[in-house]
Amino acid sequence: MKKHAQISTGRRHHKQNDDHMTNANTEITIDQLQTAITTKIAAQFPDLKTVALYDEDDRDGKPLPAVFVEIEDFEAYPDGDPGTEQTAVQLRISARIVIGFRTAKAKTEIRRLAAAMAHFVNLNRWGLPVSPAEFLVAG
């Protein structure tokens, strides 16, 4: 048995609407975004033994503690049109935090890690030309 927490963020994936950047290429692929997020989380939380994309078929046996990142869904974000004929979308991304059930004070530890993750995620741009992430909920 493993203890886990889930962090969800809302995120607008578009260029900021600055006049001097109207013609800038702000294309970002899903792969680039996922790589940036997992890389930044791994760097911020070096005690995590696994930071990876969530894969239901390949999560067992991964070293713990772990964070699994998943894009849950996305929708059009017409208010964020960068004026570059690119499609602006708003993403909902989850970070599932998993620790071993034998971890000392597991409930306290998972809450501590979830709070630290929420603080780190909120307003983070992941080094990309996107709007800042908005922390939504931990549960």
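**Exercise 1. Salt bridges**

Find how many salt bridges a search of the whole structure gives, and place each one.

*Solution.* The structure is a predicted model.

Step 1. Searching the whole structure turns up three salt bridges.

Step 2. Take E70 and R96. Their side chains meet in a salt bridge, at 2.5 Å from N to O. E70 belongs to strand β3 and R96 to strand β4, so this pair ties together parts that are 26 residues apart in sequence.

Step 3. Take E72 and R92. Here the salt bridge has an N to O distance of 3.5 Å. E72 is in strand β3 and R92 in strand β4, so the pair ties together parts 20 residues apart in sequence.

Step 4. Take E109 and R112. Their closest N and O atoms are 2.6 Å apart, and they form a salt bridge. Both residues lie in helix α2, three residues apart, which is about one turn of the helix.

**Exercise 2. Buried or partly exposed?**

Sort E70, R96 and R112 into buried or partly exposed.

*Solution.* The cut-off is needed here: buried means under 20% relative accessible area, exposed means over 50%, and partly exposed lies in between.

Step 1. E70 has 23% relative accessibility, so E70 is partly exposed.

Step 2. R96 has 18%, so R96 counts as buried.

Step 3. R112 has 46%, so R112 is partly exposed.

Step 4. Look at R96 once more. Its charged end sits over the ring of Y54, 4.3 Å from the ring centre.

**Exercise 3. Helix α2**

Check the span of α2 against its 16 residues. Then work out where its buried residues fall around the axis.

*Solution.*

Step 1. Count 1.5 Å a residue. The expected span of the 16 residues of α2 is 22 Å. The end C-alpha atoms are 22 Å apart, so the two values agree.

Step 2. List the buried residues of α2. They are A106, I110, L113, A114, M117, A118, F120 and V121.

Step 3. Look down the axis of α2. The buried residues fall within an arc of 160°, so they line one face of the helix.

Step 4. Turn to the other side of α2. There T108, R111 and H119 are exposed.

**Exercise 4. The largest nonpolar core**

Name the residues that touch the most other members of the largest nonpolar core. Then find which element gives the most to this core.

*Solution.*

Step 1. The largest nonpolar core has 27 residues. L33, I41, M117 and W126 touch the most other members.

Step 2. Four elements appear as givers of two or more residues: α1 (30-44), β3 (66-76), β4 (89-100) and α2 (106-121).

Step 3. The most comes from α2, with seven residues.

**Exercise 5. Aromatic rings**

Find how many aromatic pairs there are, and describe the geometry of each.

*Solution.*

Step 1. The count is two aromatic pairs.

Step 2. F45 and F120 make an edge-to-face pair, 5.7 Å centre to centre, with 90° between the planes. F45 lies in the loop between α1 and β2 (50-53), F120 in helix α2, and the two are 75 residues apart. F45 and F120 are buried.

Step 3. F120 and W126 have ring centres 5.7 Å apart and planes at 70°. An angle over 60 degrees counts as edge-to-face, so this pair is edge-to-face. W126 is buried, as is F120.

Step 4. Put the rings together. F45, F120 and W126 form one aromatic cluster.

**Exercise 6. Backbone details in the loops**

Find where a cis peptide bond occurs. Then place K105 and L123, which have positive phi values.

*Solution.*

Step 1. The cis peptide bond joins L64 and P65, with omega about 0°. P65 is in the loop between β2 and β3.

Step 2. K105 is not a glycine, yet its phi is positive, near 50°. K105 lies in the loop between β4 and α2. With a relative accessible area of 68%, K105 is exposed.

Step 3. L123 also is not a glycine, and its phi is positive, about 70°. L123 follows α2, in the loop between α2 and β5 (134-138). At 57% relative accessibility, L123 counts as exposed.

Terms used: Residues numbered from 1 in each chain as written. Predicted model: local features only at pLDDT ≥ 70, side-chain atom pairs only at ≥ 80, totals over all residues. Heavy atoms only, no water. Core = buried A, V, L, I, M, F, W, Y, C linked by side-chain atoms within 4.5 Å. Buried < 20%, exposed > 50% of the residue type's maximum accessible area, 1.4 Å probe, protein only. Expected span 1.5 Å × (residues − 1). Arc of directions from axis to C-beta. Salt bridge = Lys/Arg side-chain N within 4 Å of Asp/Glu carboxyl O. Phe/Tyr/Trp six-rings, centres within 6.5 Å; stacked < 30°, edge-to-face > 60°. Lys NZ or Arg CZ within 6 Å of the ring centre and 35° of its normal.
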